[in-house]
Amino acid sequence: MAAIKTKQTNANVEDFINTFANTEQKRKDAFELLKIMQDFTGFEPKMWGPSIIGFGQYHYKSKKSRQEGDWPLVGFSPRKAAISLYVYSGCSGQEDLLKGLGKFKMGKSCIYVKKLSDINQETLKKIMKSTIDFLQSKYS
């Protein structure tokens with residue numbers, strides 16, 4: 001079985017944002033998200049792999065395969081096309097919360113936003129809380 005490639009690193013989060021975020025707006029939004037997520041979760045930001053900023057962590061074991069590993073509870077990445085928000089778990093009630101989030105696109109378990117101002121930050125916090133509560137109860 002292949003090893004998990006995305007693991008927590010000791011890379012500097014602020015250096016990553018300053019070099020990886022490709023526009024001034026994306027840098028500004030990334031630093032704002034950094035503050036929002038750190039204040040909300042109480043966890044220090046850590047780099048996961050080369051391009052994900054994560055907060056907290058949990059250990060998972062897949063029921064479908066023998067794969068297991070560690071992953072951040074919530075996180076984001078200021079990618080070229082959009083900011084990827086790793087805050088969605090699909091748990092009960094999140095579909096309703098998404099209706100009030102604002103302008104975004106949805107991946108399998110990732111929310112993509114062009115600008116932080118496109119979304120409702122209070123709704124983002126509610127989604128983060130539901131995801132954190134869900135993951136901590138499922139994988140405690």
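**Exercise 1. What is the handedness of the crossing of α1 and α2?** Determine also how the two helices are oriented and which residues form their contact.

*Solution.* The model under study is predicted.

Step 1. Helix α1 spans residues 13-20 and helix α2 spans residues 24-41. Their axes lie 9 Å apart, and the packing angle is about 155°.

Step 2. Angles over 145 degrees count as roughly antiparallel. The helices α1 and α2 are therefore roughly antiparallel to each other.

Step 3. The crossing of α1 and α2 is right-handed.

Step 4. On the α1 side, V13, E14, I17 and N18 make the contact; on the α2 side, R27, A30, F31 and L34 do so. By class, the residues of this contact divide into five nonpolar, one polar and two charged.

**Exercise 2. Characterise the packing of α2 with α4.** At what angle do the axes cross, and which residues meet?

*Solution.*

Step 1. The axes of α2 and α4 come within 11 Å and cross at roughly 50°. This angle makes α2 oblique to α4.

Step 2. The handedness follows as a separate item: α2 passes α4 in a right-handed crossing.

Step 3. From α2, the residues E32, L33, I36, M37, F40 and T41 take part. Their partners in α4 are Q121, L124, K125, M128, K129 and I132.

Step 4. Sorted by class, the contact of α2 with α4 has seven nonpolar, two polar and three charged residues.

**Exercise 3. Describe the largest pocket.** What is its volume, and which element gives the largest share of its lining?

*Solution.*

Step 1. The volume of the largest pocket is about 540 Å³.

Step 2. The lining comprises 23 residues, of which Y58, W71, Y88, S109 and L135 are the closest to the centre of the pocket.

Step 3. Three elements give two or more residues to this lining: β3 (58-61), β5 (74-78) and α4 (121-138). The largest share, four residues, comes from α4.

Step 4. By class, 14 lining residues are nonpolar, six are polar and three are charged.

How values were computed: Residues are numbered from 1 along each chain as its sequence is written. This is a predicted model: local features need pLDDT of at least 70, side-chain atom pairs count only at pLDDT 80 or more; totals for chains, interfaces and linings use all residues. Side-chain values use heavy atoms; hydrogens and water are left out. Axes are lines fitted to C-alpha atoms, for helices over the stretch in contact, and angles run from 0 to 180 degrees between N-to-C directions. Angles under 35 degrees count as roughly parallel, over 145 as roughly antiparallel, 65 to 115 as roughly perpendicular and the rest as oblique. A crossing is left-handed if the near helix is turned anticlockwise from the far one by less than a right angle, and right-handed if clockwise. Contact means heavy atoms within 4.5 Å. Ala, Val, Leu, Ile, Met, Phe, Trp, Tyr, Cys and Pro count as nonpolar, Asp, Glu, Lys and Arg as charged, and the others, Gly among them, as polar. On a 1 Å grid over the protein atoms alone, a cavity is a set of points where a 1.4 Å probe fits but cannot get out, and a pocket is an open set with protein on both sides within 12 Å along at least five of seven lines; lining residues have an atom within 4 Å of a point. Grid points are joined across faces, edges and corners, and a volume is the space filled by probe spheres set on the points.
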